[in-house]
Amino acid sequence: MAAVSPVRANALLLGVMGFAQLLLMAASVRGSVVAGGISGAVGHATRPAVVAERSLSGTILAVVHFFGDLNAEEVANAALKREVTRLSGDVERGRERAEENDRLRRLLGMKEDLVPKSIGASVVTAQLGGQSRVIVVDRGSTAGVRADMAVVAWGGAVGRVVSVDRDFARVRLLSDPNSGASGVVARSRAEGMVVGRGGDALEMIYVPKYADVVTGDRVVTSGLDGVFPRGFGIGRVTVVGEPIGASKAIRLEPDVEDRALEEVLILLEPSGTRLLTADDAETRP
Amino acid sequence: MIVVWALLGIGLALGAELALGSIAPGATRYVDLMMLPLATYALRTSQRSSMTVGCVSGLLQDYWMEPRLFGINGLIKTILGWGLGGLGARFDLNNFGGRFAAGACINLLDEGLQAGIRRLFGEALAPVHPVTLIVRCLAGGLLTAGILAIVGKVGRARSAARPGRRKA
């Protein structure tokens with residue numbers, strides 16, 4: 001029997017490995033248990049490297065922040081004092097509005113959970129490449145995190161959880177080209193879908209061309225996608241272009257800067273409007 | 001022993017990639033540190049070992065950095081390991097120019113293969129800016145040339161130290 005040449009043997013090996021990985025990709029798209037098992041094993045094997053990296057990068061960041069804070073401390077204190085004064089007024093006004101809102105909602109026979117249950121998480125690492133934009137956070141299934149939970153930060157919506165293991169979760173950012181969230185223009189209530197384009201800017205699509213949208217309008221989550229509760233900031237309109245077909249071309253500057261993310265909140269329960277049940281109606285004043 | 005060195009190299013590259021994402025997330029668009037073990041093994045060892053190193057480093061990258069298509073980076077890096085390993089066996093790429101060109105080319109091909117495979121699986125694609133692509137290729141080429149120069153020096157120092165140790 002003739003021996004197989006190394007060139008052919010390597011080409012054969014490439015074919016086998018390539019086919020196996022194509023199957024793996026197809027299985028992961030379908031959410032197969034096999035792909036989950038293989039990915040879990042890979043994650044388990046690399047956990048020591050990640051723990052070592054976290055302590056190393058934590059030390060480096062602490063040193064960088066220490067020197068940065070020395071210079072910026074006085075400026076930051078003054079800015080924070082101004083911010084606290086402004087926010088105190090906002091909280092008071094917000095409380096009054098919440099009470100009024102609560103009364104009106106009861107009149108309408110609806111109920112809203114205004115404070116969704118959430119847990120804080122630190123960002124372990126981020127991948128802000130062109131074709132995928134994802135962050136890894138240090139909370140996993142042991143903390144109650146599940147796939148498709150919404151993730152928010154100070155300022156607005158961040159993304160949704162796409163996969164979870166014991167101690168970590170991966171979050172697909174709103175700026176990922178395959179991401180999407182339903183949004184509404186706060187001023188005119190024009191609805192649409194906010195999608196990422198792989199860069200820092202977002203786009204709002206499926207907005208009727210006769211909708212009232214102007215530069216500077218604020219876009220918030222509408223709650224219709226079943227992931228984000230309504231009212232979380234998404235971004236501000238920077239460009240309203242010529243309509244493409246029946247839809248306006250709208251570009252947004254996001255409220256949350258992906259590069260600056262360090263801490264996030266994972267919303268453990270979907271929060272939204274639901275009709276009162278018979279029990280709720282009985283206890284209604 | 002080669003397996004231990006390969007695992008150590010991949011582990012270091014993964015740690016550096018995760019640390020980069022934590023310290024300077026914006027830089028991850030321009031630099032793919034998981035390419036470095038692949039290029040090192042392709043230009044210094046056999047085609048088969050570069051395919052294996054590429055496959056393992058790609059799968060690790062998929063686990064930590066890929067939101068949907070688990071296996072895409074594994075497949076791409078296996079193909080790149082096969083291609084670069086084959087070229088490395090036929091041509092002398094172990095000089096600055098060859099290493100730089102190899103590093104730049106695998107980063108360019110990676111971008112093209114990413115787009116092709118994602119389209120195959122029905123994913124939406126982000127437009128690629130030429131400046132980003134040029135910076136990525138330059139960074140990839142320089143890093144590959146730099147790492148291979150360091151690995152070459154360490155290898156020479158180790159082989160120079162061995163006879164001495166034997167004599168002692």
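Chain A exposes an accessible surface of about 16,100 Å², and carbon and sulfur atoms account for 59% of that surface. The model described here is predicted, and its chain A carries 3 helices and 14 strands. Chain A meets chain B in an interface that buries about 4,400 Å², while the salt bridges found over all chains come to 18.

**Chain A as a whole**

- Of the 285 residues in chain A, 37% count as buried.
- Among the contacts in chain A with a separation of 6 or more, 57% are accounted for by residues that lie 24 or more positions apart.

**The interface between chain B and chain A**

- The contact draws 45 residues from chain B and 52 residues from chain A, and carbon and sulfur atoms give 65% of the area buried between the two chains.
- Three aromatic side chains head the contribution of chain B, since Tyr63(B), Trp64(B) and Phe70(B) together supply 19% of the area that chain B buries against chain A, which is more than any other three residues.- The rule finds 0 salt bridges across the interface of chain B and chain A, whereas 15 residue pairs, both members at pLDDT 80 or more, are in polar contact between the two chains.
- On the side of chain B that touches chain A, the elements giving two or more residues are helix 1 (2-23), helix 3 (47-65), helix 4 (72-90) and helix 5 (96-120) of chain B, and the largest share, 10 residues, comes from helix 3.
- By residue class, this side of chain B divides into 26 nonpolar, 10 polar and 9 charged residues.

**Salt bridges within chain A**

- Arg133(A) and Asp258(A) form a salt bridge in which the closest N and O atoms are 3.3 Å apart, and both Arg133(A) and Asp258(A) are buried.
- This pair links distant parts of the chain, with Arg133(A) in strand 3 (residues 133-137) and Asp258(A), 125 residues apart from it, in the loop between strand 12 (247-254) and strand 13 (263-267) of chain A.
- A salt bridge also joins Arg197(A) to Glu203(A), where the closest N and O atoms are 3.3 Å apart; here Arg197(A) is partly exposed, with a relative accessible area of 34%.

**The surroundings of Asp217(A)**

- Asp217(A) is placed in the loop between strand 9 (202-205) and strand 10 (218-221) of chain A, and with a relative accessible area of 5% this residue counts as buried.
- The side chain of Asp217(A) is in polar contact with the side chain of Arg187(A), at 2.8 Å.
- When residues up to four places away in sequence are not counted, Asp217(A) touches Val185(A), Arg187(A), Asp212(A), Gly235(A), Arg236(A) and Val237(A).

**Salt bridges within chain B**

- Glu66(B) forms a salt bridge with Arg118(B), and the closest N and O atoms of this pair are 2.7 Å apart.
- Because Glu66(B) lies in the loop between helix 3 and helix 4 of chain B and Arg118(B) lies in helix 5, the pair ties together parts that are 52 residues apart in sequence.
- Both partners are buried, Glu66(B) with a relative accessible area of 5% and Arg118(B) at 2% relative accessibility.
- A network of salt bridges links Asp32(B), Lys77(B), Asp110(B), Glu111(B) and Arg136(B).

**Helix 2 and Gly140(B) in chain B**

- Helix 2 (residues 35-44) of chain B is largely enclosed by the rest of the structure, because 9 of its 10 residues are buried.
- The buried residues of helix 2 are Met35(B), Leu36(B), Pro37(B), Leu38(B), Ala39(B), Thr40(B), Tyr41(B), Ala42(B) and Leu43(B).
- Gly140(B) has its place in helix 6 (residues 130-167) of chain B, where it is buried, with a relative accessible area of 9%.
- Leaving aside neighbours within four places in sequence, Gly140(B) is in contact with Gly103(B), Ala104(B) and Asn107(B).
- The C-alpha atoms of Gly140(B) and Ala161(B), which are 21 residues apart along the chain, are separated by 31 Å.

Definitions and conventions: Residues are numbered from 1 along each chain as its sequence is written. Chains are lettered from A and ligands numbered from 1 in the order in which they are written. This is a predicted model: local features need pLDDT of at least 70, side-chain atom pairs count only at pLDDT 80 or more; totals for chains, interfaces and linings use all residues. Side-chain values use heavy atoms; hydrogens and water are left out. Helices (H or I, at least four residues) and strands (E, at least two) are DSSP runs, numbered from the N terminus. Buried means under 20% relative accessible area, exposed over 50%, partly exposed in between (1.4 Å probe, protein chains only). A polar contact is a pair of N or O atoms within 3.5 Å; within protein, one must be able to donate a hydrogen and the other to accept it, and residues adjacent in sequence count only if both atoms are side-chain atoms. Contact means heavy atoms within 4.5 Å. Buried area is the accessible area (1.4 Å probe) that two parts lose on being put together, summed over both. A salt bridge is a side-chain nitrogen of Lys or Arg within 4 Å of a carboxyl oxygen of Asp or Glu. Ala, Val, Leu, Ile, Met, Phe, Trp, Tyr, Cys and Pro count as nonpolar, Asp, Glu, Lys and Arg as charged, and the others, Gly among them, as polar. Accessible areas come from the Shrake-Rupley method with a 1.4 Å probe; for residues, only the protein chains shown count as cover.
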